[in-house]
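Biologist: I'm still new to reading structures, so could you take one part of this one and walk me through it slowly? The sheet, and what sits around it, would be a great place to begin.

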Amino acid sequence: MTRAHLTTHPTTLPATHPATGPTARPDTVVELTGVTKEYPGGVAALRGVDLTVTAGELLAIVGPSGSGKSTLLHIVGTLDRPTAGGVRIAGYDIAALSDRSLSALRSRHVGFVFQSFHLVPGISARANVAEGLLYSGLSRAERLRRAAEALERVGLGDRMDHRPHELSGGQKQRVAIARAVAGAPDLLLADEPTGALDTASGESVMELLRELNRDGATIAVITHDQEIAASLPRQVRIRDGEIVADRSPAGVAS
Ligand SMILES: Nc1ncnc2c1ncn2[C@@H]1O[C@H](COP(=O)(O)OP(=O)(O)OP(=O)(O)O)[C@@H](O)[C@H]1O
Ligand SMILES: [Mg+2]
């Protein structure tokens, strides 16, 4: 994926939520109904996925390699559109939005964290985090102030001026998380956020995500690590493009 997907252009997004369907609840952040994704060449990466995520949830999306996890994240993050089925994110029906409006939706409502960090080389941690606010309409001074605040929040107050190559893997991921949450998105999506980290750094990144969740963030973490998945309040299990289990603490399938 290129950075062009992640940084977006300021565009028009309806100022108020469009009318939500009769079943949509105001605290529903993600609502997928019957989502199918077929890639050119005939691969059916998702086959009839229903998924609802409510504000304040912390869930794992778990499944073997090739099962469709990243495809699901791309659709939930509005980086891609489904072949068929309904997608509603932060109250918006994405089928009704142009690509430009979708970019605006993404920059305002969704934060992304990837296994390989996706930081801009050669610029400071603080500048990297401020980049996440580029299209927020905030002044540069305010963006830098909020970036500093976000870095403090992830425990990197003493590494603001370090460039990516001067940070450890775990610290790079914290910068990426700070960038993703600096704009207070409705939804934080993390694709294998601990995949490039040793066990200890991975655990501390997971602890940071739990902390952010306790502070109210809605977070979906893609992982093929069963232990990480089991440590989160809800596990959505995907296999061959289908959700085969959806468990929360009560053990109730939803
Ligand atoms: N751009 C694409 N074009 C064609 N097929 C694709 C594309 N992206 C993914 N696929 C296929 O779709 C299926 C699901 O891929 P996806 O990347 O979602 O899996 P995943 O669960 O994230 O796997 P991993 O754990 O290895 O990251 C795979 O069979 C893959 O080969
Ligand atoms: Mg993947």
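Modeller: Here is a walk through the sheet, followed by a few spots elsewhere in the chain. Keep in mind that this is a predicted model.

Let's start with the strands. Six of them make up an open sheet, and if you go across it you meet β6, β7, β8, β3, β9 and β10 in that order, with mixed pairing. At the edges you'll find β6 (110–114) and β10 (242–247); each has a single partner strand, so one side of each has no neighbour in the sheet. On average, neighbouring strands here are turned by 20 degrees against each other, if you ignore direction.

Now zoom in on one pair. β3 (residues 58–62) and β9 (residues 234–239) run parallel, and four bridges join them. If you want to find one of those links yourself, go to alanine 60: its bridge partner in β9 is glutamine 235.

There's a helix to look at here too. α6 (residues 199–214) lies across β3, β7 (187–191) and β8 (219–223), and it runs at about 160 degrees to β8.

Next, look at the loops. Between β4 (84–89) and β5 (92–93) there's a loop that holds alanine 90. Is alanine 90 buried or exposed? It counts as buried, because 21 C-beta neighbours lie inside 10 Å, and the cut-off for buried is 20 or more. Leaving out residues up to four places away in sequence, alanine 90 touches Val29, Leu105, His109, Asp186 and Leu187. Threonine 28 is 62 residues away from alanine 90 in sequence, yet their C-alpha atoms are 6.9 Å apart in space.

Another loop, between β6 and α3 (125–131), contains phenylalanine 117, and histidine 118 is in the loop between β6 and α3 as well. Check their backbone angles. Most residues other than glycine have a negative phi. Phenylalanine 117, though, has a positive phi near 70 degrees, and histidine 118 has a positive one of about 55 degrees. Phenylalanine 117 counts as buried, with 21 C-beta neighbours inside 10 Å, while histidine 118 has 19 and so counts as partly exposed.

Last stop: ligand 1. Around it are 13 residues, and the closest are Tyr39, Ser65, Lys69, Ser70 and Thr71. Two elements, β2 (43–54) and α1 (69–76), give two or more residues to this shell, and α1 gives the most, with three. By type, the shell has three nonpolar residues, nine polar ones and one charged.

Key
Residues numbered from 1 in each chain as written. Chains lettered and ligands numbered in written order. Predicted model: local features only at pLDDT ≥ 70, side-chain atom pairs only at ≥ 80, totals over all residues. Pairing = 2+ DSSP bridges. Axes fitted to C-alpha atoms, helices over the stretch in contact; angles between N-to-C directions. Contact = placed C-beta atoms within 7 Å. Near = placed C-beta within 6 Å. Nonpolar A, V, L, I, M, F, W, Y, C, P; charged D, E, K, R; others polar. Buried ≥ 20, exposed ≤ 12 C-beta atoms within 10 Å, placed from the backbone.
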